[in-house]
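Me: I'd like a close look at one part of this model, followed outward to whatever it leads to. Keep it chatty, but give me the cut-offs as you go.

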Amino acid sequence: MGHLIREKYRNLFEEKLIDEIIEIATIKEFEEGDRLMEIGAYINKIPLVLSGVIKIIREDQKEGELVLYYIEAGDTCAMTLTCCMGETKSQIRSIAETNGSVVLVPVSKMDDWLVRYKSWRNFVLTSYNNRMNEMLSAIDSLAFLNMEERLCKLLQDKAKMYNSTFIRNTHQELADELNTSRVVISRILKNLENQGIIRLNRKHIELLQKP
């Protein structure tokens with residue numbers, strides 16, 4: 001476990017901080033579709049993504065779900081950090097987008113590391129800034145883009161995230177992320193295929209050109 005953590009964070013954290021993380025942290029492996037955090041749960045561990053991708057979701061009982069952002073290897077969840085510092089219940093749900101693993105650090109170390117380690121302070125502040133920009137982008141999409149534009153943006157984001165033109169999400173999964181129906185997504189995807197932008201296959205969507 002120790003060598004994996006050291007390899008991932010050696011260019012980000014001081015050696016002493018990495019030593020502390022290795023001493024007290026645990027690693028949890030996850031599989032695609034696993035629910036890693038639930039709305040309303042108390043958080044006692046700070047997650048540092050070691051590998052894979054995790055989707056962060058906000059839920060409304062009437063309006064459904066909204067994807068706020070994704071966290072990848074080397075990231076942490078800003079909403080989780082906020083709950084840790086305020087000792088409040090989680091307001092988000094996290095679901096594994098891919099297989100991977102996460103390093104779990106006790107919340108009790110949060111304040112101590114903010115004081116003692118500059119790299120940790122920078123890491124936390126950068127995480128807040130990145131996630132805020134991603135949430136603003138999600139809000140902009142809702143406010144200013146039509147459904148076809150939102151779907152095209154989602155496909156581009158996924159292609160960039162996976163470094164692949166093959167998107168292995170079902171029509172229903174895409175619909176859930178955009179808070180619409182599968183029928184609407186299937187119709188738009190077929191239209192994009194007719195335009196030569198994508199190619200639809202049984203198990204994946206291939207992005208042929210930038211919309």
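Reply: First, the labels: helices (H or I, at least four residues) and strands (E, at least two) are DSSP runs, numbered from the N terminus. This is a predicted model, where local features need pLDDT of at least 70 and side-chain atom pairs count only at pLDDT 80 or more, while totals for chains, interfaces and linings use all residues. Residues are numbered from 1 along each chain as its sequence is written, and side-chain values use heavy atoms, with hydrogens and water left out.

Let's start at Pro47, which sits in strand E3 (residues 45-51). Its relative accessible area is 10%, so Pro47 is buried (buried means under 20% relative accessible area, exposed over 50%, partly exposed in between, using a 1.4 Å probe and protein chains only). Setting aside residues up to four places away in sequence, Pro47 touches two runs of neighbours: Asp75, Thr76, Cys77 and Thr80 on one hand, Val102, Val103 and Leu104 on the other. Contact here means heavy atoms within 4.5 Å. For a sense of scale, Pro47 and Met79 are 32 residues apart in sequence, with 11 Å between their C-alpha atoms.

Follow Pro47 to Thr80 and you land in helix H3 (residues 78-86). Thr80 has a relative accessibility of 1%, so that residue is buried too. Apart from residues up to four places away, Thr80 has Met37, Ile43, Lys45 and Pro47 as its contacts. Further along in helix H3 comes Cys83, which is buried at 6%. Ile43 turns up again here: beyond four places in sequence, Cys83 is in contact with Ile43 as well as Thr88, Lys89, Ser90 and Gln91. Glu23, by contrast, is 60 residues from Cys83 in sequence and 24 Å from it in space, C-alpha to C-alpha.

That brings up the cysteines. Cys77, one of the residues touching Pro47, is buried at 2% relative accessibility. Cys152 is buried as well, at 7%. If you were wondering about pairing, a search of the whole structure finds zero disulfides, a disulfide being a pair of cysteine sulfur atoms within 2.5 Å.

Cys152 is a handy way into the next bit, a helix pair. Two packed helices are described by the angle between their axes and the distance between the axes. Helix H6 (residues 147-162) and helix H8 (residues 182-194) have axes that come within 10 Å and cross at roughly 75°. That makes H6 roughly perpendicular to H8. On the H6 side, the contact is made by Met147, Glu148, Leu151, Cys152 and Leu155; on the H8 side, by Val184, Ile185, Ile188, Leu189, Asn191 and Leu192. By class, that adds up to nine nonpolar, one polar and one charged residues. As for the terms, axes are lines fitted to C-alpha atoms, for helices over the stretch in contact, with angles running from 0 to 180 degrees between N-to-C directions. Angles under 35 degrees count as roughly parallel, over 145 as roughly antiparallel, 65 to 115 as roughly perpendicular and the rest as oblique. For the classes, Ala, Val, Leu, Ile, Met, Phe, Trp, Tyr, Cys and Pro count as nonpolar, Asp, Glu, Lys and Arg as charged, and the others, Gly among them, as polar.

Zoom in on Ile188 of helix H8 and you find it buried, at 5%. Not counting residues up to four places away, Ile188 touches Met147, Glu148 and Leu151. Ile188 and Ile205 are 17 residues apart in sequence and 13 Å apart, C-alpha to C-alpha.

Ile205 in turn touches Asn169, which also has Glu97, Lys158, Leu174 and Glu177 as contacts, again leaving out residues up to four places away. Asn169 is in the loop between strand E8 (166-167) and helix H7 (171-178), and is buried at 9%. Its side chain makes a 3.3 Å polar contact with that of Lys158 and another, at 3.4 Å, with the side chain of Glu173. A polar contact is a pair of N or O atoms within 3.5 Å; within protein, one must be able to donate a hydrogen and the other to accept it, and residues adjacent in sequence count only if both atoms are side-chain atoms.

Two other asparagines round things off. Asn163, in the loop between H6 and E8, has a positive phi near 50° and is exposed at 72%. Asn179, in the loop between H7 and H8, has a positive phi near 55° and is partly exposed at 39%.
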